[in-house]
Amino acid sequence: MTKNEHILEERQKDLEGKKGELDEIISETKQEEEKLRDKAKELETKIEPRLLQSFKRIRKNSRNGLGIVYVQRDACGGCFNKIPPQRQLDIRSRKKVIVCEYCGRIMIDPELAGVQAGHKATEEAPVTTTKRAIRRKSAE
Ligand SMILES: [Zn+2]
């Protein structure tokens, strides 16, 4: 009983620590989020209302909240369904807005998204998760 109480006490201390850590992270991201929201509001005034409406509709319907995704490993970056080469060419030509036939998200090429050539982006994603995992482990 005493032993378990001791363990419980320790776990609660851990929990407190983690909660503090989490609050810190939340407040950090909140500031950033507010900044981005302001920026988005400003940019929205410069977009044709009809286009903005359809963009918002796409975003609302997408599970991850992304209305625009870039082509990743020959697939849609939102739903990961394969995109035929001809369609990828159309996307790269940037002549018209092309949406994914599976999920309806707007697709752009990685360069337009500010990502360096196809593969790098897919390599970068796991790195951040690894960092997080390491951080979480070291905190335990
Ligand atoms: Zn898709």
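**Exercise 1. Read the order of helices and strands along the sequence of this predicted model, and state how many of each there are.**

Solution. Step one is to follow the chain from its start, which in this predicted model gives the pattern α-α-β-α-β-β-α. Step two is to count the elements, and the secondary structure comes to four helices and three strands.

**Exercise 2. Describe the zinc site: which atoms coordinate the ion, how are the donor residues spaced in sequence, and why is the arrangement called tetrahedral?**

Solution. Begin with the donors, which are the SG atoms of Cys 76, Cys 79, Cys 100 and Cys 103, placed at 2.2 to 2.3 Å from the zinc ion. Next, look at the sequence, where these donor residues follow the spacing C-x2-C-x20-C-x2-C. Then examine the angles: the four donor atoms subtend 107 to 114° around the zinc ion, and because four donors count as tetrahedral if all angles lie between 85 and 135 degrees, the arrangement is tetrahedral.

**Exercise 3. Decide whether Cys 100 and Cys 103 are buried or partly exposed.**

Solution. The cut-off needed here is that a buried residue has under 20% relative accessible area, while an exposed one has over 50% and a partly exposed one lies in between. Cys 100 has a relative accessible area of 5%, so Cys 100 is buried. Cys 103 has 29% relative accessibility, and therefore Cys 103 counts as partly exposed.

**Exercise 4. Which residues form the largest nonpolar core, and what does Val 71 touch?**

Solution. First list the core, which has eight residues: Val 69, Val 71, Cys 76, Ile 83, Ile 91, Ile 98, Cys 100 and Met 107. In soluble globular proteins, nonpolar side chains tend to be buried together. Then turn to Val 71, which, leaving aside residues up to four places away in sequence, touches Ile 83, Gln 88, Ile 91, Ile 108 and Pro 110.

**Exercise 5. Place Arg 87 in the structure: in which helix is it found, and which residues does it touch?**

Solution. Arg 87 is found in helix H3, which covers residues 85-93. With a relative accessible area of 27%, Arg 87 is partly exposed. Beyond residues up to four places away in sequence, Arg 87 touches Ile 98, Val 99, Glu 101 and Met 107. For the first of these partners, Ile 98, the separation from Arg 87 is 11 residues in sequence and 8.5 Å in space, taken C-alpha to C-alpha.

Conventions: Residues are numbered from 1 along each chain as its sequence is written. This is a predicted model: local features need pLDDT of at least 70, side-chain atom pairs count only at pLDDT 80 or more; totals for chains, interfaces and linings use all residues. Side-chain values use heavy atoms; hydrogens and water are left out. Donors are N, O and S atoms within 2.8 Å of the metal (3.2 Å for Na, K and Ca); water is not among the atoms, so sites may look incomplete. Four donors count as tetrahedral if all angles lie between 85 and 135 degrees; four count as square planar and six as octahedral if opposite donors are over 155 degrees apart and all others between 65 and 115; anything else is irregular. Buried means under 20% relative accessible area, exposed over 50%, partly exposed in between (1.4 Å probe, protein chains only). A nonpolar core is a set of buried Ala, Val, Leu, Ile, Met, Phe, Trp, Tyr and Cys residues joined through side-chain atoms within 4.5 Å. Contact means heavy atoms within 4.5 Å. Helices (H or I, at least four residues) and strands (E, at least two) are DSSP runs, numbered from the N terminus.
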